[in-house]
There are 4 protein chains.
Amino acid sequence: MSRLPAAWRACVGTGRMELALRRDHQDSLALIQREIGFRHIRGHGLFSDGMGIHRPFTHLGEKHVRHSFTYLDQVVDAYLGMGVRPFLELGFMPDGLASGDQTVFWWKGNITPPRSWSAWADLVRDTVTHLVDRYGLAEVRQWPIEVWNEPNLTQFWLDADADAYHRLYEITATTVKDVDPDLQVGGPAISPGSDKWLETFAEFVVARDVPIDFVSRHAYTSGPARHVPFGTHQTLGPASRLLEQFALPRHQLAGTPLAGLPVHITEFNSSYRPDNPVHDTAFHAAYLAPVVAAGGDHADSFAYWTFSDMFEEEGIPVALFHGGFGLLTHRQIKKPTFHLYAFMARMADEILSRGPDHLTTTDTTGRVTVLAWAPVDHEDLRNSPSSHALRLSVPMTGSSAFLMRSSVDEQYGNAWAAWREMGRPSSPLPRQLDALREAAEPVRSHRGLPIVDGHVTLDLTLSRHEVTLLEITPVRDETPSWWDDGHLLGMPS
Amino acid sequence: MSRLPAAWRACVGTGRMELALRRDHQDSLALIQREIGFRHIRGHGLFSDGMGIHRPFTHLGEKHVRHSFTYLDQVVDAYLGMGVRPFLELGFMPDGLASGDQTVFWWKGNITPPRSWSAWADLVRDTVTHLVDRYGLAEVRQWPIEVWNEPNLTQFWLDADADAYHRLYEITATTVKDVDPDLQVGGPAISPGSDKWLETFAEFVVARDVPIDFVSRHAYTSGPARHVPFGTHQTLGPASRLLEQFALPRHQLAGTPLAGLPVHITEFNSSYRPDNPVHDTAFHAAYLAPVVAAGGDHADSFAYWTFSDMFEEEGIPVALFHGGFGLLTHRQIKKPTFHLYAFMARMADEILSRGPDHLTTTDTTGRVTVLAWAPVDHEDLRNSPSSHALRLSVPMTGSSAFLMRSSVDEQYGNAWAAWREMGRPSSPLPRQLDALREAAEPVRSHRGLPIVDGHVTLDLTLSRHEVTLLEITPVRDETPSWWDDGHLLGMPS
Amino acid sequence: MSRLPAAWRACVGTGRMELALRRDHQDSLALIQREIGFRHIRGHGLFSDGMGIHRPFTHLGEKHVRHSFTYLDQVVDAYLGMGVRPFLELGFMPDGLASGDQTVFWWKGNITPPRSWSAWADLVRDTVTHLVDRYGLAEVRQWPIEVWNEPNLTQFWLDADADAYHRLYEITATTVKDVDPDLQVGGPAISPGSDKWLETFAEFVVARDVPIDFVSRHAYTSGPARHVPFGTHQTLGPASRLLEQFALPRHQLAGTPLAGLPVHITEFNSSYRPDNPVHDTAFHAAYLAPVVAAGGDHADSFAYWTFSDMFEEEGIPVALFHGGFGLLTHRQIKKPTFHLYAFMARMADEILSRGPDHLTTTDTTGRVTVLAWAPVDHEDLRNSPSSHALRLSVPMTGSSAFLMRSSVDEQYGNAWAAWREMGRPSSPLPRQLDALREAAEPVRSHRGLPIVDGHVTLDLTLSRHEVTLLEITPVRDETPSWWDDGHLLGMPS
Amino acid sequence: MSRLPAAWRACVGTGRMELALRRDHQDSLALIQREIGFRHIRGHGLFSDGMGIHRPFTHLGEKHVRHSFTYLDQVVDAYLGMGVRPFLELGFMPDGLASGDQTVFWWKGNITPPRSWSAWADLVRDTVTHLVDRYGLAEVRQWPIEVWNEPNLTQFWLDADADAYHRLYEITATTVKDVDPDLQVGGPAISPGSDKWLETFAEFVVARDVPIDFVSRHAYTSGPARHVPFGTHQTLGPASRLLEQFALPRHQLAGTPLAGLPVHITEFNSSYRPDNPVHDTAFHAAYLAPVVAAGGDHADSFAYWTFSDMFEEEGIPVALFHGGFGLLTHRQIKKPTFHLYAFMARMADEILSRGPDHLTTTDTTGRVTVLAWAPVDHEDLRNSPSSHALRLSVPMTGSSAFLMRSSVDEQYGNAWAAWREMGRPSSPLPRQLDALREAAEPVRSHRGLPIVDGHVTLDLTLSRHEVTLLEITPVRDETPSWWDDGHLLGMPS
């Protein structure tokens, strides 16, 4: 047996950092942490003006800058209070330090290099130093620090200028290490489609002996966007393509001096659009199930992008379900993919077996858990099989076992389907939200199972797009010797 | 249309009053109030020594009594804080005031008349006065005050002496009215099987012009107990017998000066034993469904005995499921009968139709709710039908409706069944309690329904012992004109 | 005796509406409501783009607008959940509807008239209709609806164009009344210094018979701002000037058809700057005490601007204490002025007496409360008296009374003073925040007082800038006859 | 410097175990843990019938016993959930196992030896095994297991029969060790006044090689009780007598094979009566302060008896303040002695200096804390000094320090004094409870202090019976260079 790697829960994505000041965001994160429990959280915009860190001012005719951490502290206090650590992404550029006015997103993150490299280094140094002062070195050493986001795209970094990024990386990494050499710094956080970038970056880092503790990239499988108002449709590649992207950095770095560095997939999803309804569906959970189950073989973390629909890159959502990335909608309605993660969180820690439609684990108490999923047709959902049969035999001690099964599919654990049946209310009333919350819970069934020859046999039928969790525990029968269910209400035994 | 009477939620029973000091009891009541919302709560033992009210002492060689309300205040504060009012039952006898040492229950409630009638009157007067001082007259006038419990049984009142009870009633009622004439006092709280007692009591009250604001009795359908260790089996009569018992006081008082007085069924259940497993079953919910749905036709309240398994009349329960009366077990596991009540709490307020297997209601928003239940065989559960079909047509405006269905039966919403499959753990581990809580939730399904000729047709199939709630709401379709689900993931429209 | 008007708690101000999505804002408001209990809350920016209501889009080559209420619902749900109702201010202009690009504040509220009056009317109509649909007409009729903010200032309304405002008012008021004639609409929400504006506005409204349910204006006493980095100093006028401003609308409207309309002072404070440290001081509470105590004589509401330092008009605060308007800082540190309001919330409802340094109230239980304050020198704080003596005699029944006194001054209930002594930490550590919370509590003392001739005599000495609350209740002595404190630990009596 | 031993917080006492099922008890413990943080909790009655563990039954004419843990699990789950571990005391005798009917306390704990030693061993074995099964061996090994309570007194052990106790100890200790040899067992839990008992017990244990992991005894300083109704007066010895009692077991065991065993003072207080008002007073905190500050020099734990007034040995309290042992009254009113402990919980971990009226500590951050107390006259409170001066110099780095001082005395932090002034209401109204909670908080003051030659000089004046905590932290001044308080409101600098 081998251990199930914790990479699947090592990190999760979030919208820009200041959203973490919001109540809905914090309520959602608290729920996520209670039922899933991610280790780190990563989002954009730490240095964007909404966080209020970089504060130029003039005094007696001279220009100065003050670095202020009023909101950063509120965010990090909240994160740590919910048991999740920041995975810091250093970016974007504060307006007062920017060399241009190009921005990305509705919320206008400035994507230009700093006007002054030394002022940028001051900003990085003061921020990291402040965090160390406030949270302690032992704590902050556990927070990976990533330099910028997707510099290979012109939307995110002016002209996608690799040389400029390398300079940014070098100055930033060096500055971070000046604060403390055991802080963990890395990059280049590239998007899919520019795989060479990582190699060039690695060569630069090696050549100039720049500090690096991890490498990072992103993974998505969607094709080009076709827009409708407040929505997007896209084709998808097969889910296996995500695993290929997860695996690529290790392949690329093999044989180089960077071989063996931790690889963090700091964003992944099917579609990279926050307005693609695929994120809301049961299909999505079944599509990603094999990725979440196996991704830990290929990378040290892979961060679902993102945990909450409280996200504003394309503006403020106009309806409760709007194709957002979230595992949760606003108001904490669980989507099927939430349950995929919540099911993973209940898996045991030793792998018993794996297959194209399942993962089986156990632990020292003899408990066995099975995650199983229906195969999907990612090109034409109507071709996804309407049912899928699966037979498993799992080891178990004793004479009988208790099985609890939890499932989500097109009907159960599927608030989006209920919301469509409700007429797609943009702003559901409180009683509609209550109904959606009920519709969002998995169906649970249970039964006793015989143990034959040290095994329990499971004959499963999965419905269309079903993801199911089976928890099987050995039974210790405490029924008193004198008890006879047959006597219940006068029935003869 | 007629209004659905609120009698079903007017009152609920609880174990002896001091149990309300317990955390588990309060957590259970808070949950009950959140999902059901009873108006009053009634239990025994207000004057028993565990409440510490009657406190004899000696000073300078003379005997005195102090009346102390340390715990009574804690209990009533907790009740009111959870939105439920006391239905006061004055009893049993404090040891220091008792004329004998006969007791009832494991916890030894003294069942003898007072040694001094004037000391009893002092106790009643001081207690009621204290409550009025603390909670205000307007509040306390809403608390019915019942004199003693089941005086027609020798277990509860020495020799079941009717004359002594009449005297107790007269002195108590007069004393209560001396505090304030608008306080509500009543009795005689008799058990089934002594129906004449009510008539005799009524004659006494009328003849002596004793104050009376309501009459009360109890209702049960179980036969004699056959004991096993820590458990009891009994036969049951048909559920309709409960409705007959509810109806009896109005019949008995018709034509007397007491006709028209409110009638409170201050206890009802199937079995009167707190160790009969029938209380834990899906059968029980289906058995009682027609009673809860129709009981309001016959009485002003009928109080399910009792809301929680935190109850000690037969001693401290030895296992999580032990046949207790509770709608909830210790640790707040919901039983099927809990859901019968929770479903009732979601019914609308106007009755549309009733039948032997359903109740249909609506309200001014056009929402329709259906409570339906499978018929049961109360003599031989194996003969309860394995499925039951039901066809209903309900009025609805618009072109489509949204249906949410919630059900409990032998599989769903049935923690007891899961607990049996687990091997009946006496003291379930935390992870077992979590699984039981999940098993205890109803299954929820949803769908869109067409509205044809102003009606929705419901073809229902109920499983064995199923109780189901259907909530049907008119749909206002907000789907944007440009939206086409067919485009989801590249599907042709 | 006359009743103490509730005007002081009728409304409170807040920063722009979207801040109400934040956790710190909601935690602060919850605390405010628990200890003070305002009835309404008013802030800017309902229609600004951060709320995401006005959403232009293009479909098939045509421009459309969708009105979306995702965040508005979250804000209003939160308000109502905390027991406070919105006082709606309709403004500023969504970018997509603006006729120019002039903005106000760091967060860039657009201050120009709409590009299309009919599109503005659509926006108003849809928003109000949505609120009525969601919250019910009976509820929304209790929310005053104010048109724009301070249109008399060029910073807030392009060119401070009165005619354009009148047009805006007329279209808006008419549109609101079209939704329901009992909704309450008003204006013109002018700042101090343009008193004539109200008269002109009133003439316009009367002349054209435009609907109006209330008039509104603001009140401040500060002089011109002298800026330092991240801070402002200003002179102040006497506090009585606030009462004069409160009183002005009634004087101005006397004799006009608008006489008798409710007058709402929808903002007031000493300084109108959110970076003036005077807001943080004990002086501020003593300065405002006579205003809060007497303001209800002059207007129907006067809304303290604002309840929380979570406020961004001048950018994100760089330090915990920064001269913000808040009754609470970020992280819920109470300022002295918070306690002024919390003391008011504990006053009884009938006025016994008033004076230049006190207000005395009582209620039907015989409880007497006194709010007293030290006189201040608003021009030179060093001249504020270091102590102030006050002698009061209040009626009380019985033989003795219990007095609880709560005070804030330069030492007690003064977290700002402690923060200065701490070295003004910009981002206090958790343990510093704990210390500040402790420093922020009033000092409480208590004593027994004799009642002589039906009165209690209070000889008070107030320290510099002290505001104090005295709560005096009649004692009902329950000491047992046998008790002798002298026997405690063997002391002879 | 030496470390401040944690003995003061190692354990705290509680009333009989079943009281831990109560809401008030749990609310009190949660508050205690939040502000003090004890490590273990010990009380009587684990095996008494109110816990429902020992359950005889008859089946098919034969007698059996079932051991049931319904309530024990609820109690231990609650303890661990609040971060405190059980210090198990095995006793008293279940009625069904008792050899006689002698009882102790209002709640009738049976004090007789078991009728069957093997049945007793079964009870111990099953209980300990159940706890290990449920909570894990690693956890339960951290719970000391003490055999019986005060067997040297005839009230607690039939005839105070030492031989019978030795037999009980041997059988119990052996049985516990049979479950796991690393479980910690000890005794003899003797009361003061029978010091020889410990020596005899030690000889027995050594002679027969009986397992023993710790020794335990109790400590009290009160003289004989003089009763009044619902109250008791007693003389007290000097507080130093407690330290002498703490120290005695180490002296007694020195040179024996048991030397070096942990010594647990499993109960201590001034008076051993739960109805002696001394427990409620400021005197009590000042009297015990030197004991709590120095007790760790003499024993491994000393458990304040008890944390809560929810305690029923002498019956149910008839008034809020009644001389109970509690650090908290019912309803969580803090007594002065609560604050003594809460102050201790804020002390640093390294001792700087000690004296007859103070304890000074520091830690690696440079923070210094001082606990100081006024000397008391324990024979005649009127002779306790009305003020006490104290001068301390403590090391501190930098140029200035911030001091926060918290005090309780005859006026501040003294709810009992306020309650007396209120007329001693037996059942305070909610508003009276609120006032008492406010009166119960310490007074807090703060100031900046200069650091001269690396030291801060503290000139303290303590009032009568004052206990005070000083927290002094070095200041890092962040005041901006441009800031001038003199400009506040136009004042010249």
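**Figure 1. The interface of chain B and chain A in the predicted model**. Together, chain B and chain A bury about 5,100 Å² between them, and 60% of this area lies on carbon and sulfur atoms. To the contact, chain B contributes 58 residues and chain A contributes 58 residues. Eight salt bridges are found across the interface of chain B and chain A. One salt bridge joins B:Glu438 to A:Arg346, with the closest N and O atoms 2.8 Å apart. For the model, the scores are ipTM 0.95 and pTM 0.96. Chain A has a mean pLDDT of 96, with 99% of its residues at 70 or more.

**Figure 2. The rotation that relates chain B to chain A**. Chain B is superposed on chain A by a rotation of 180° with 0.0 Å of shift along its axis, and the RMSD is 0.0 Å. Within chain B, B:Val443 has the C-alpha nearest the axis, at 3.1 Å from it. Both copies use the same surface, since 100% of the contact residues of chain B recur in chain A.

**Figure 3. The two-fold axis relating chain D to chain C**. A turn of 180° and a shift of 0.0 Å along the axis lay chain D on chain C with an RMSD of 0.0 Å. This is the relation of a two-fold axis. The C-alpha of D:Val443 is the one nearest the axis in chain D, and its distance from the axis is 3.1 Å. The same surface serves both copies here, and 100% of the contact residues of chain D recur in chain C.

**Figure 4. Surroundings of A:Glu150, a position listed in UniProt**. An unreviewed UniProt entry lists A:Glu150 under "active site". In chain A, this residue is placed in the loop between β10 (145–147) and α5 (162–179). A:Glu150 counts as buried because its relative accessibility is 6%, which is under 20%. Leaving aside residues up to four places away in sequence, A:Glu150 touches A:Phe156, A:Pro188, A:Ala189, A:Ile190, A:Ser191, A:His218, A:Tyr220 and A:Glu267.

**Figure 5. Surroundings of D:Phe38 in chain D**. The loop between α1 (23–35) and β3 (40–42) of chain D holds D:Phe38. With a relative accessible area of 1%, D:Phe38 is buried. D:Arg9 is 29 residues from D:Phe38 along the chain, yet their C-alpha atoms are separated by 4.8 Å. D:Arg9 is also one of the residues that D:Phe38 touches, when residues up to four places away in sequence are not counted. On the same count, the contacts of D:Phe38 include D:Trp8, D:Cys11 and D:Val12, as well as D:Ile32 and D:Gln33. Further contacts of D:Phe38 are D:Gly83, D:Val84, D:Leu327 and D:Tyr341.

**Figure 6. Surroundings of D:Gly15 in chain D**. D:Gly15 is found in the loop between β2 (11–13) and α1 of chain D. The relative accessible area of D:Gly15 is 3%, so this glycine is buried. From C-alpha to C-alpha, D:Gly15 and D:Gly45 are 8.5 Å apart in space, while 30 residues separate them in sequence. Apart from residues up to four places away in sequence, D:Gly15 touches D:Gly43, D:His44, D:Thr306 and D:Phe311.

Key: Residues numbered from 1 in each chain as written. Chains lettered and ligands numbered in written order. Predicted model: local features only at pLDDT ≥ 70, side-chain atom pairs only at ≥ 80, totals over all residues. Heavy atoms only, no water. Least-squares fit on C-alpha atoms with pLDDT ≥ 70 in both. Contact = heavy atoms within 4.5 Å. pLDDT = per-residue confidence, 0-100. UniProt positions renumbered as here; feature names shortened; annotations may be inferred. Helix = DSSP H or I, 4+ residues; strand = E, 2+ residues; numbered from the N terminus. Buried < 20%, exposed > 50% of the residue type's maximum accessible area, 1.4 Å probe, protein only. Buried area = accessible area lost by both parts, 1.4 Å probe. Salt bridge = Lys/Arg side-chain N within 4 Å of Asp/Glu carboxyl O.
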